[in-house]
Amino acid sequence: MSINKNIDLQIKTLPQIILGSTSPFRKLLLDKLNIPFTQDAPEIDETPLLNEKPKEMVLRLALKKAKVFTEKYPEHIIITSDQCAVFNDKPIGKPHTLDNAIKQLQQFSDNAITFYTGLVVSNTQTGDFFQYTDTTTVHFRKLSNSVIQNYLEIEQPLNCAGSFKSEGLGITLFKQIDSRDPNALIGLPLIALTDIFYEMGFELPLKRV
């Protein structure tokens, strides 16, 4: 009984949560934590700085997104994130065309790419502030041209960085994923985010009232 009372108290004092992203993938991920939230789009310039490393860039942009909402949401928990995929020390973009997608996957065949995901959580009610960067490495199988063609025809991931959807059929292209949290690959490291909620005094999962 005392445990339930503590949980109810936590829920009642939980600030409103803002997911600073309109990504449907990040929404689905955050839904897993069973907490109510609202999405809002951060309008920022995401141009990389001169000689900026991808790992530094994703955290800088996540911080920049968080700052956009600081005044707008003065008594909230703001969650922002940014991600960049890297191959041969160069950022990987979205293919946009079938030819580009084929070329990307041919390059990745029997190779590995790295995803850096920056996470920032700002509690504007208490002033608490947290930041985290996840590193996930995806190792690809040796991909035949027919496998590449079949995959792209079925899933058509032309608006996805790297030309694949890890949350979908793209998993068939991998032989191994090195990661603390597979959710980070999709765009939001939920294990680290849960750690942060614990540090703020909210032990997930919470029972909704």
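These legends accompany a set of close-up views of a predicted model.

**View 1. Helix H5 has a buried side and an exposed side**.
Welcome to helix H5, which runs through residues 145-155. Which residues of this helix are buried? They are Ile148, Tyr151, Leu152 and Glu155. These residues span an arc of only 95 degrees around the axis, and that places them on the same side of H5. Turn to the other side of H5 and you meet Asn145, Glu153 and Ile154, which are exposed. The buried residues of H5 pack against helix H4, residues 98-108. Just after H5 comes Gln156, and its phi is positive, near 50 degrees.

**View 2. Phe87 and Phe108 form an edge-to-face pair**.
Searching the whole structure turns up seven aromatic pairs. In the pair of Phe87 and Phe108, the ring centres are 5.2 Å apart and the planes meet at 70 degrees, so the arrangement is edge-to-face. This pair links distant parts of the chain, with Phe87 in strand E3 (residues 76-87) and Phe108 in helix H4, 21 residues apart. Are these two rings buried or exposed? Phe87 and Phe108 are both buried.

**View 3. Phe140 meets Phe174 edge-to-face**.
Here is another aromatic pair to look for, formed by Phe140 and Phe174. Their centres lie 5.3 Å from one another, with 85 degrees between the planes. Distant parts of the chain are linked here too: Phe140 belongs to strand E6 (residues 129-140) and Phe174 to strand E7 (residues 174-178), 34 residues apart. Phe140 is buried, as is Phe174. If you follow the rings onward, you can trace one aromatic cluster made up of Phe87, Phe108, Phe115, Phe140, Phe164 and Phe174.

**View 4. Cys84 and Cys160 are too far apart for a bond**.
How many disulfides does the structure hold? The count is zero. A disulfide is a covalent bond between the sulfur atoms of two cysteines. For Cys84, the closest cysteine sulfur is that of Cys160, and the 15 Å between them is too far for a bond. A disulfide would need the two sulfur atoms within 2.5 Å. Both cysteines sit out of the way: Cys84 is buried, with a relative accessible area of 7%, and Cys160 is buried as well, with a value of 14%.

**View 5. Gly118 is buried in strand E5**.
Find strand E5, residues 112-123, and look along it for Gly118. This glycine is buried, with a relative accessible area of 0%. What does Gly118 touch, leaving aside residues up to four places away in sequence? Its contacts are Val58, Leu59, Ala62, Thr80, Ser81, Asp82, Tyr132 and Thr133. To connect this view with the previous one, Gly118 and Cys160 are 42 residues apart along the chain, and their C-alpha atoms are separated by 18 Å.

**View 6. Lys27 and Asp31 form a salt bridge within helix H2**.
Side chains of opposite charge can pair when their charged atoms come close. The whole structure contains six salt bridges, and this view shows the one between Lys27 and Asp31, where the closest N and O atoms are 3.1 Å apart. Both residues lie in helix H2 (residues 24-31), four residues apart, which is about one turn of the helix. An α-helix has 3.6 residues a turn, so residues three or four places apart point the same way. Lys27 is partly exposed, with a relative accessible area of 33%, and Asp31 is partly exposed too, at 36%.

**View 7. Lys72 and Asp40 join two loops**.
The side chains of Lys72 and Asp40 meet in a salt bridge, with 2.7 Å from N to O. The pair links distant parts of the chain, 32 residues apart. Lys72 is in the loop between helix H3 (54-70) and E3, while Asp40 is in the loop between strand E2 (38-39) and H3. Asp40 counts as buried, at 14% relative accessibility.

**View 8. Glu52 forms a salt bridge with Arg60**.
In this last view, the closest N and O atoms of Glu52 and Arg60 are 2.6 Å apart. Which side of the 20% cut-off for buried does each partner fall on? Glu52 is buried, with a relative accessible area of 18%, whereas Arg60 counts as partly exposed at 21%.

Terms used
Residues are numbered from 1 along each chain as its sequence is written. This is a predicted model: local features need pLDDT of at least 70, side-chain atom pairs count only at pLDDT 80 or more; totals for chains, interfaces and linings use all residues. Side-chain values use heavy atoms; hydrogens and water are left out. Buried means under 20% relative accessible area, exposed over 50%, partly exposed in between (1.4 Å probe, protein chains only). The arc is that of the directions from the helix axis to the C-beta atoms. Contact means heavy atoms within 4.5 Å. Rings of Phe, Tyr and Trp (its six-membered ring) pair if their centres lie within 6.5 Å; planes under 30 degrees apart count as stacked, over 60 as edge-to-face and the rest as tilted. A salt bridge is a side-chain nitrogen of Lys or Arg within 4 Å of a carboxyl oxygen of Asp or Glu.
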